[in-house]
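Hi there,

As promised, here is the structure we talked about. Have a look at it first, and my notes follow below.

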Amino acid sequence: MTNDKQLTHISKFLSLVLRHQPETIGIQLDQNGWVDINELIEKANNYGVKFDRPTLNHIVETNSKKRFAFNATVEKIRASQGHSIEIELGYTNKQPPKILYHGTSEKFVQSILASGLDKRSRQHTHLSADIETAIKVGQRHGKPFIFKVLAGQMYKDNFQFFISDNGVWLTDNVPKKYLKRNDE
Ligand code: HQG
């Protein structure tokens, strides 16, 4: 039996190898971020993170943020967003709601007000459709602070927007003129 703590450990490990450092276990993601499931399991096991196919299925199905997805033939797996390595997720440009939210930490607010939202190490800036989710994202970094992003206006101004398979809105850097404090 794999307990919750072990499942979280495996899930975090999957985020590491499927988003950031596949070389840790000697796998390569294809250009769209996919890797063969059997190869992933074998190489993770060799590395010392032990899990089997039913456990992986369980993680993909029950993961709170639905971070991982199988392909149509259920031979491959990838992370649905959050990558730092360059891959093509293949999402199509989509009109966002007028307002999206970005949760960050209070300690980053001055810098964001000065230079806008930056993708940092990731391939996209990540935005949330609702404030509750944005608060959770911000809490990962410290005391949360929420920005409103004028996504509708950005889209009109030809910025591209994508929604990931797990419902996270993705875009490029957000210039400061499209940001409002949530209390404004
Ligand atoms: C901040 C999680 C200073 C930005 C979440 C954020 C998300 C700036 C941090 C996904 C800045 C980067 C991504 C600027 C941005 N000056 N700080 N100009 N521009 N920042 O983790 O958005 O649980 O790379 O506000 O739920 O927090 O992993 O991005 O605080 O969906 O599945 O720089 O990761 O998903 O942090 O989170 P991150 P994020 P998972």
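Let me start at the ligand: one of its oxygen atoms lies 2.6 Å from a polar side-chain atom of H141. Please keep in mind that this is a predicted model. R140 also takes part, with a polar side-chain atom 2.9 Å from an oxygen atom of the ligand. S115 faces a nitrogen atom instead: an N or O atom in the S115 side chain is 3.2 Å from a nitrogen of the ligand. In total, 19 residues surround the ligand, and the ones that come nearest are K65, H102, T104, S111 and H141.

Next, the sheets. One is an open sheet of 3 strands in the order 4-6-9, and its pairing is antiparallel. Strand 4 (100-105) and strand 9 (179-181) are at the edges with a single partner strand each, so one side of each has no neighbour in the sheet. From one strand to the next, the twist averages 35 degrees. Strand 4 is joined to strand 6 (residues 144-149) by 6 bridges, in the antiparallel sense. If you want a residue pair to find your way by, G103 has I146 in strand 6 as its bridge partner. Helix 5 (residues 131-139) packs on this sheet and touches both strand 4 and strand 6. The direction of helix 5 makes about 25 degrees with that of strand 4.

There is also an open sheet with the order 5-8-7, again built from 3 strands with antiparallel pairing. Here the edge strands are strand 5 (125-127) and strand 7 (162-163), each of which pairs on one side only. Strand 5 and strand 8 (residues 169-171) share 3 bridges and run in the antiparallel sense. Within that pairing, T125 has T171 of strand 8 as its bridge partner.

Finally, a helix pair. Which angle do the axes of helix 1 and helix 3 make where they cross? Helix 1 (residues 4-20) and helix 3 (residues 53-62) cross at roughly 80 degrees, with their axes coming within 11 Å. Angles of 65 to 115 degrees count as roughly perpendicular, so helix 1 is roughly perpendicular to helix 3. On the helix 1 side, the contact is made by L7, I10, S11 and L14, which meet T55, L56, H58 and I59 of helix 3. Of the residues in this contact, 5 are nonpolar and 3 polar, and none is charged.

I hope you enjoy looking through it. Do write back with any questions!

Best wishes

Terms used. Residues are numbered from 1 along each chain as its sequence is written. This is a predicted model: local features need pLDDT of at least 70, side-chain atom pairs count only at pLDDT 80 or more; totals for chains, interfaces and linings use all residues. Side-chain values use heavy atoms; hydrogens and water are left out. Axes are lines fitted to C-alpha atoms, for helices over the stretch in contact, and angles run from 0 to 180 degrees between N-to-C directions. Helices (H or I, at least four residues) and strands (E, at least two) are DSSP runs, numbered from the N terminus. Angles under 35 degrees count as roughly parallel, over 145 as roughly antiparallel, 65 to 115 as roughly perpendicular and the rest as oblique. Contact means heavy atoms within 4.5 Å. Ala, Val, Leu, Ile, Met, Phe, Trp, Tyr, Cys and Pro count as nonpolar, Asp, Glu, Lys and Arg as charged, and the others, Gly among them, as polar. Two strands pair if DSSP finds at least two bridges between them. A residue is near a molecule or strand if one of its heavy atoms lies within 4 Å of it. A polar contact is a pair of N or O atoms within 3.5 Å; within protein, one must be able to donate a hydrogen and the other to accept it, and residues adjacent in sequence count only if both atoms are side-chain atoms.
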